[in-house]
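Student: Please take one part of this structure and examine it closely. I should like a connected account rather than a list.

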Amino acid sequence: MTLLLLIPLLGALVAAMAPSDRIARWSGLAFQAWALVYTLGLALDYDAAAGGLQFVERLPWIPAFGIDYHVGADGLSIVLLLLTAIVSPFAVLTGVRAKWQVVMVLLLQTTLVGTFVAVNLILWFLFYELSLAPAFLLARSSGTPRAAAASFRFFVYTFLGGMGILAGFLAIQAATGTFDLQMLAAGGGLVEVALEAGFGWPFAGTLVFACIFLGLSVKVPVVPMHAWLPDAYAESPSAVTMLLTGLMSKMGVYGFLRLLVPLFPGHMAALAPALLALALVTIVFSAFTALVQTDLKRMLAWSSVNHLGYCLLGIFAAAAANGTDAAQTSATNGVILQIFNHGLTASALFAFVAFIEKRSGGARGIGDFGGLRTAAPVLAGLMGIAVFSSLGLPGLNGFVGEFLIFAGTFQIAPWAAAAATAGLFATAVFLLNMIQRVFAGPLGGHSAGFRDLTAGEIATVAPLVGLMFVLGIYPQVLIALFHSP
Amino acid sequence: MILNATFLTALAGAGLILLLPTRLAAHARVVALVAALAGLGFAMRAFIGYNPADGAFQYVTRVPWIPQMGISYFTAADGISLVMVLLTGIIAVTGVLFSWNVTRGPRAFFAFFLVIIAGVYGVFQSLDLFLLFVFYEIVIIPKYFLIAGWGSTNRQYGAMKLTMYSVAGSALVLLGLLAVWAVGGARTFDLLELADPLAGGFAPSFQAWVFPVLFLGFGVLAGIWPLHTWAPTGHVAAPTAVSMLLAGVVMKLGSYSAMRVAMTLFPDGLEMWRVPMAVLAAAGILLGALVALAQRDLKYVVGYSSIAHMGFVLLGLMTLNPLGLGGATLQMFSHGIIGGLLFAVVGRMVYDRTHTRQIAELGQMNLSATMPFAAAAFTLASLASMGLPGFSGFIAEFAVLGGTWRAFPWLVVPAGLGAVVTAAFTLRALQASFFAPRAAGASAAAHAPWPPISMPEKIGASVLVACAIVVGLWPSVLLEPIQRSLGSPLMSRLVEGGPR
């Protein structure tokens, strides 16, 4: 497990010492390939039938404060580790060229892995917060004033959220005396009780819940904590946006599943109607905002928010069920699948945007193109598959997750599921509209003289598109990891 | 003796420099470096050799000095002192490295520098209040000459303001100490005897007024809000090495002595004034950060950030629990390293080359390309300063916040917000001065090439960055002796519920 953390870190060191950008990039990719193989090995070794935390390693780190180096992985962690191992090299292949950027991607990968395996609250926070530094530097790498402003806002918003989370963790430790997530989670709702008793205020538990909830909400983001997102996604180089949406947004969703659900079951259940309403606002608002975007990247950014909204819907619905029935299982499984699928699909979509930008000289307005299908059939075909995966077409990966979420939610909170379909509808409209205007019709705008994908680019995206089919047709490969029959 | 050797080598170095013949004056820096390195060596040896399991004082030297007044030469160190002694050694060495380019009056400059270092070492190891006060005063006067003689912007004003504040603070301290001696009736300056609970302690009514006098007197040097205004102007006016000394160790003299003397001697006074002082500390964190956000001069940004960071120290002290007290001590070390590094980059690497510190002007110089080393060092220092995990500042501020949750949950909000504003202003300064988007048509080549970053600068910056990261990843190396010493008979009086 520790080796998994060390591989990207070593990669960053080696890349930093490389004499040229080219060598740095390839040595970085070599380490990422090693990380991918190692992660696959872990996934195969993971005993899903037994479940629970495996590959646990624990060493005292700051004994004075009860902070241990304590890592381990359960099915959920493994899914996210796989996603990290797949998307990070994909982003490097797509459009990370400079040496320092390769180093930063590898450092970001290290912190992501750390977040997904940490079992101590402070260790978790360390990785969660540390990811900001490389992400910030990557997001501003184009150096334009707009990118600088966007990345600044991204950093400060998320940092503010991080302080909320840290304050919450400290309160939990003050009340319970431990940072050990495994121990805290095993106590069920005892954390809530301890908080009320420890501080002696009636709403102490709610306050701490709110701190952590708001902090994680900024990261995902949940509307209305999303103000940093559109600019940050649009002004970052597309390869970086892949990492932001494909992986970093998942840190927030993971936090909901890993922290709030086990530690605050009472609050999650009691506040369920409000939380579901928040998820609905996120879904509907983002879908309709995407509808009016004219910039391809901004549209996809809002679409990402929309897809993460479904994750939230499933999480909140499952928490509202407050039992262990089939509907809850369905919603939870859907959420985990959706996390993985959205990571895959959204990063693939931004990769295609990167390819388009490279050819159009940076133009990426939806109206800047037309008839791209004729000029670049392979690009149109492959991107079309990713778009349909994002739409949730059966047979592709996006469908199964959303279906399970809706199926579960419908049984628990029919009104929420019904209202969320408005988001599905709007998603269909804007994605199809995009296909219509960019790919179909007569050749126009920047489409003239457009080069199709090169062999290298096809090789880059083909494995992902293949995975979309595999997971669409046989999602069991993933489900088996976190759901024991 | 190994402990006393720290300040004795500094004094010896200063004496040797003054004896240098004029033709060798340029070598004063070499002598200073050797003396600083030797001091650091002794500090490290003492730190490693510290072993009492109960956190008691070690390396005790006790010689009667003026027995009629109960004054003795009494030095010793516990885990807390040794952490500060170690910090002093590191700042002394890096301060000399960042002064390698001082050519005007090098003998006086380095001699004053070493005298300050000696005084700082002395304060951190004195257990006799009179001796402590002597060392404390030794620090103040050379500061004035260094700033007024070698400083930059508005140096006369800055130097005078700083000295006036320091002297006023010392006057309060002296008043408090004399009251302890005379009114308290103990007729001794021995801290351990005075603090011994078996001696009966001081009357609560006496403590009620002496505690704030002593605490605020020391607090002036620690930059406690609202007595902090000397710090930003003083830091800005001072030459680089002196800014590093001020932020790195001199401010810690105040917080260290406040903890070691004012808080241990007057538990009842502490109890009465605890909440107001904690509020001042939190105000310092938040207001210091907000003011830093509005600065246009890069050095002022760093200057005000020191106020915010020292606010965390003072807040941690007021929590009176091991988490907060340990965090406060660690924060003293951490801010010493990080603040020193920030001033080194701004004052030495950037200002000495560009001759401006206006953020807007620096932004047009494309510093990230023309001075990549300075940009990288400032980036790391910024990340450390905003308390990002993995750097020493995180563990320290995290522990202070954790302690605050237990003592004053309602102060977590301003302190946490202060930390966020700290991140905002640090990032703003970093972005606007080193990574500013270039205005169209502006040519960076007009400014470049600067003289390259020299080897002493590189070594100094690397040492400080390494310290911040090592302590960030392995805080136990410092925390373990600190926590042990918080359990000693003297210091455990601070911990709520401990012996009073």
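Tutor: A helix here is a DSSP run of H or I with at least four residues, numbered from the N terminus. The model is predicted, with pLDDT of at least 70 needed for local features and 80 or more for side-chain atom pairs, while totals for chains, interfaces and linings use all residues. Residues count from 1 along each chain as written, chains are lettered from A in written order, and side-chain values use heavy atoms, without hydrogens or water.

Let us follow A:Phe125, which belongs to helix H5 of chain A, residues 121-130. A:Phe125 counts as buried (under 20% relative accessible area, 1.4 Å probe, protein chains only), because its relative accessibility is 2%. Beyond the neighbours within four places in sequence, its contacts (heavy atoms within 4.5 Å) include A:Ile165, A:Phe169, B:Pro389 and B:Phe394. A:Gly162 is another of these contacts; it stands 37 residues away along the chain, yet the two C-alpha atoms are 8.1 Å apart.

A:Phe125 also helps to line the second largest cavity. A cavity is a set of points, on a 1 Å grid over the protein atoms alone, where a 1.4 Å probe fits but cannot get out, and its lining residues have an atom within 4 Å of a point. A:Phe159, A:Leu166, B:Met386 and B:Phe394 are among the other lining residues. At least two lining residues come from each of H5 and helix H7 (145-176) of chain A and helix H17 (392-407) of chain B. With 4 residues, H17(B) gives the most to this lining.

How values were computed
Buried means under 20% relative accessible area, exposed over 50%, partly exposed in between (1.4 Å probe, protein chains only). On a 1 Å grid over the protein atoms alone, a cavity is a set of points where a 1.4 Å probe fits but cannot get out, and a pocket is an open set with protein on both sides within 12 Å along at least five of seven lines; lining residues have an atom within 4 Å of a point.
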